[in-house]
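Q: I have a structure open here and have not looked at it before. Can you walk me through it?

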Amino acid sequence: MATIFGINLFALSGQLLVGLINGSFYALLSLGLAIIFGLLKIINFAQGAMYMLGAFFAWMALNYMGINYWWALILVPIAIGLLAILMERFLVRPIANEDHLYSLLLTFGIALVLQGAFTHIYGSSGLPYQIPDELKGGTKLPFMYLPNYRAWIIVSSLVVCFSTWWVIEKTKLGAYLRAGTENPQLMQGFGINVPLITTLTFGFGVALAGFAGVLAAPVYSVSPDMGSNILIVVFAIVVIGGMGSIGGAILTGLMMGVVEGLTKFFYPEASTTVIFLFMVIVLLVKPAGLFGKEA
Amino acid sequence: MKAMKKTLLAVAMTVAATTGVQAAGISNDVVKIGVLVDMGGVYADICGQGCVTAVEMAVEDFGGTVLGKPIEIVSADDQNKPDVGSAKVRQWIENDNVDVVTGLVASSVTGAATKVLTDAKKIALISTSASNAFTTKACSPYNVHWTYNVAALANGTVKPMVAAGKKKWFFITADYAFGHALEGIATKVIESSGGEVVGAVRAPFGTTDFSSYVLQAQASGADVVGLANAGGDFVNSLKTAAEFGLTETTDVAGLLVFTNNALALDPAIAAGMKATSGFYWDMDDQTREWSARFKARHGVIPSMGQAGQYSMTMHYLNAIKAAGTDESDAVMKKMKETKPDDFFARNATLRNDGRMVHDMLLVSIKDAASRKSPDDIYNIEEVIPGDVAFNPMLPECDFK
């Protein structure tokens with residue numbers, strides 16, 4: 001077997017691929033946060049709770065309504081998006097002109113309430129959710145066994161991430177969006193309904209977390225604390241990528257997945273810390289983040 | 001000199017007499033039981049509110065009073081944080097006249113809480129913690145450890161597998177005190193039974209994605225992959241092992257499985273897995289009768305921690321009745337003198353080190369087809385006698 005410096009290259013390729021799969025999750029979640037912060041300047045601490053809600057909605061849809069995974073993948077993000085729109089309209093907007101800290105505390109509170117409520121109702125042990133039949137099994141690669149579902153995670157999240165990036169950065173709709181947040185008065189003068197755009201953007205950003213939640217349900221334990229576990233890491237990724245940089249969030253998400261994967265291979269004890277270490281170094285060297293613009 | 005001796009004797013007798021007077025009866029005219037558990041975190045299901053319910057049931061079944069004095073229950077959330085837990089215990093003892101603290105789930109919290117309790121000469125009734133430290137290197141005359149411990153898990157699950165020819169082991173271990181203790185004791189059992197440990201990874205507590213560790217386990221060439229973790233970590237690591245095909249080529253052994261975790265797993269993934277448990281609700285009529293009452297109140301079948309919680313609380317209250325006082329030393333003496341015997345504690349003794357030794361069960365998780373109800377999750381494979389399952393008593397922990 002090929003080795004370099006005594007490290008098994010086959011094993012290493014497996015770890016790289018696994019890292020990339022996790023990275024695509026991170027990309028999806030940090031993208032939602034980056035959109036909401038970049039365009040609306042809201043620090044949404046409820047993003048993790050919405051991810052949890054996505055997984056729970058998928059479970060509920062299956063167990064209470066018989067809606068299968070594939071429909072859940074479409075319907076749950078829409079439901080979460082609608083919920084977010086209500087949240088924006090009635091909770092976030094009244095304090096939109098206050099300091100960022102207010103929206104941070106508000107969304108953090110919402111996250112705690114949701115997590116507490118779900119722990120109360122469903123307990124903390126988690127709920128089972130099966131991998132859909134179409135994606136069961138796996139492919140034997142030369143260096144590892146790749147479960148089909150993991151391949152699906154990476155493909156679907158990359159497609160969603162890059163189409164989102166493309167819409168925001170390259171289309172007319174995206175241009176309206178960016179202009180609307182840059183100078184709302186002027187855009188309103190042109191007859192663009194800026195509050196509507198804001199609400200929809202918030203809804204979409206949060207819906208991405210719901211989508212990630214449905215994707216996660218079959219492979220991770222569907223439990224109330226799944227969101228709070230991942231949220232802090234995702235925030236670190238957004239900071240490393242540059243707050244509000246959309247492409248940066250996607251690329252950094254993938255990159256950090258790989259960095260974390262390699263750490264799990266070489267020194268697993270540090271795997272939950274390495275991303276924060278990376279964040280400290282990036283902030284020291286390039287305070288605006290890897291892909292952020294200097295203020 | 002003689003006079004001096006006489007005086008001393010008189011003083012000693014007076015002191016003995018006064019403490020004797022104080023000791024008899026119930027302090028502050030109430031027996032107050034403090035239940036310290038994780039209410040909303042990862043261990044909320046295995047003990048949590050269910051343990052509070054179990055204590056309530058025990059108190060009600062006992063009649064609500066002991067020696068004519070009321071029994072009161074207070075409970076608190078330790079959030080799995082040792083500092084929060086020990087602060088609460090201190091407050092209970094110093095301000096609220098709590099007589100005994102029970103629940104006690106995360107081993108780290110139990111470690112901190114038992115220190116405070118021992119200093120105050122108050123009894124700790126430990127229901128759900130796994131570490132065996134409380135009756136070995138951190139033993140105390142006031143510790144009672146009931147349901148199970150890491151030694152019983154290793155002897156119950158690991159030993160028969162090595163004996164059956166599964167010699168090479170790899171561990172995926174939770175990177176904190178409990179995981180290390182479990183891996184350590186399992187390693188000893190493996191090596192003394194003629195097996196070997198070919199590798200181990202330490203995964204941080206609360207790891208979401210175990211695929212990297214599963215790949216490493218796969219590459220190790222082990223016969224068995226031991227999961228030395230608990231709760232969500234256990235569920236997530238087993239799910240990933242199944243997804244990556246590890247369960248098809250290698251045996252995967254969950255070293256600490258609660259019924260709550262088994263319920264959270266798809267039977268297709270978990271079927272056939274063996275585990276050691278201190279209790280199973282569907283063992284016989286006695287266990288079914290109590291479990292049905294528990295489920296009617298709590299909504300879920302009892303975990304071994306919750307069943308142990310009831311049994312232990314009952315034993316404590318009986319000891320107060322027999323001793324005629326709630327004074328800790330007298331109650332501990334009675335608890336150790338009397339053999340626990342109920343639906344939970346079979347062939348049981350409470351050793352002088354505070355370890356309750358009882359029959360443990362080697363169970364296997366049923367597949368979907370053989371489950372008659374959603375709660376029908378285990379087959380009982382074997383009853384493991386207590387003295388085989390638990391670690392022997394250390395001479396320095398032999399508190400008479």
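What follows is a short chat about the chains, their domains and some local features.

A: Sure. Keep in mind that this is a predicted model.

Q: Ok, start with chain B. How many helices and strands are in its secondary structure?
A: Chain B has 15 helices and 15 strands.

Q: What box do its C-alpha atoms fill?
A: Along the principal axes, the C-alpha atoms of chain B take up a box of roughly 80 × 50 × 35 Å.

Q: And what is the radius of gyration of chain B, set against a compact globule?
A: The value for chain B is 22 Å. A compact globule with 400 residues would have a radius of gyration near 21 Å, so the two agree.

Q: What share of chain B counts as buried?
A: Of its 400 residues, 56% count as buried. As for contacts in chain B between residues at least 6 apart in sequence, 71% join residues at least 24 apart.

Q: Which domains is chain B divided into?
A: Domain 1 of chain B covers 28–148 + 283–357, and domain 2 covers 151–277 + 361–388. Their centres, taken over C-alpha atoms, are separated by 27 Å.

Q: How many residues are in contact between those two?
A: On the domain 1 side of chain B there are 17 residues, in contact with 19 residues of domain 2 of chain B. The domain 1 side divides into ten nonpolar, six polar and one charged.

Q: Switching to chain A. Which domains does it have?
A: Chain A is divided into domain 1, residues 36–221, and domain 2, residues 225–295. The C-alpha centres of these domains of chain A lie 19 Å apart.

Q: How many residues of each are in contact?
A: In chain A, 16 residues of domain 1 are in contact with twelve residues of domain 2. On the domain 1 side, the elements giving two or more residues are α1, α2 and α5 (148–170) of chain A.

Q: Which gives the most to that side?
A: α2(A) does, with six residues. By class, the side of domain 1 of chain A that touches domain 2 of chain A has nine nonpolar, six polar and one charged residues.

Q: Now the two chains together. How many residues does the contact take from each?
A: Chain A gives 33 residues and chain B gives 31 residues. On the chain A side, at least two residues each come from α1 (9–40), α4 (100–122), β4 (145–147), α9 (226–241) and α10 (246–266) of chain A.

Q: Which element gives the most there?
A: α1(A), with five residues. The side of chain A that touches chain B has 13 nonpolar, 17 polar and three charged residues.

Q: Where is the kink in helix α3 of chain A?
A: The kink, of about 30°, lies at Leu75(A), shortly before the proline Pro77(A). The helix itself runs over residues 69–92 of chain A.

Q: Is Pro77(A) buried or exposed?
A: Pro77(A) is buried. Other buried residues of α3(A) include Tyr69(A), Ala72(A), Val76(A) and Ile80(A).

Q: What do the buried residues of α3(A) pack against?
A: They pack against α2 (47–65), α4 and α8 (194–216) of chain A.

Q: Back to chain B. How far does helix α2 reach from its first C-alpha to its last?
A: Helix α2 of chain B, residues 48–62, has 15 residues and reaches 22 Å, close to the 21 Å expected at 1.5 Å a residue.

Q: Which residues of it are buried?
A: Among the buried residues of α2(B) are Gly48(B), Cys51(B), Val52(B), Val55(B) and Met57(B). What covers the buried residues of α2(B) includes the strands β1 (31–37), β3 (69–77) and β4 (100–103), along with α12 (285–298) and α13 (304–323), of chain B.

Q: What follows α2(B)?
A: Gly63(B), with a positive phi near 115°.

Q: Which residues other than glycine have a positive phi?
A: Asn28(B), with a phi of about 55°, is one of them, and Asn97(B), with a phi near 55°, is another.

Q: Where do those two sit?
A: Asn28(B) is in the loop between α1 (2–23) and β1 of chain B. Asn97(B) lies in the loop between α3 (82–96) and β4 of chain B.

Q: Why does Asn28(B) count as exposed?
A: Because Asn28(B) has 12 other C-beta atoms within 10 Å, and the cut-off for exposed is 12 or fewer. Asn97(B) has 14 within 10 Å, so Asn97(B) is partly exposed.

Definitions and conventions. Residues are numbered from 1 along each chain as its sequence is written. Chains are lettered from A and ligands numbered from 1 in the order in which they are written. This is a predicted model: local features need pLDDT of at least 70, side-chain atom pairs count only at pLDDT 80 or more; totals for chains, interfaces and linings use all residues. Domain bounds come from an automatic or database domain assignment. Two residues are in contact if their C-beta atoms, placed from the backbone, lie within 7 Å. Ala, Val, Leu, Ile, Met, Phe, Trp, Tyr, Cys and Pro count as nonpolar, Asp, Glu, Lys and Arg as charged, and the others, Gly among them, as polar. Helices (H or I, at least four residues) and strands (E, at least two) are DSSP runs, numbered from the N terminus. The expected span of a helix is 1.5 Å times one less than its number of residues. A residue is buried if 20 or more other C-beta atoms lie within 10 Å of its own, exposed if 12 or fewer, and partly exposed in between; C-beta atoms are placed from the backbone. The bend at a residue is the angle between axes fitted to the seven residues ending there and the seven starting there. The radius of gyration is taken over C-alpha atoms; the globule rule is 2.2 Å times the number of residues to the power 0.38.
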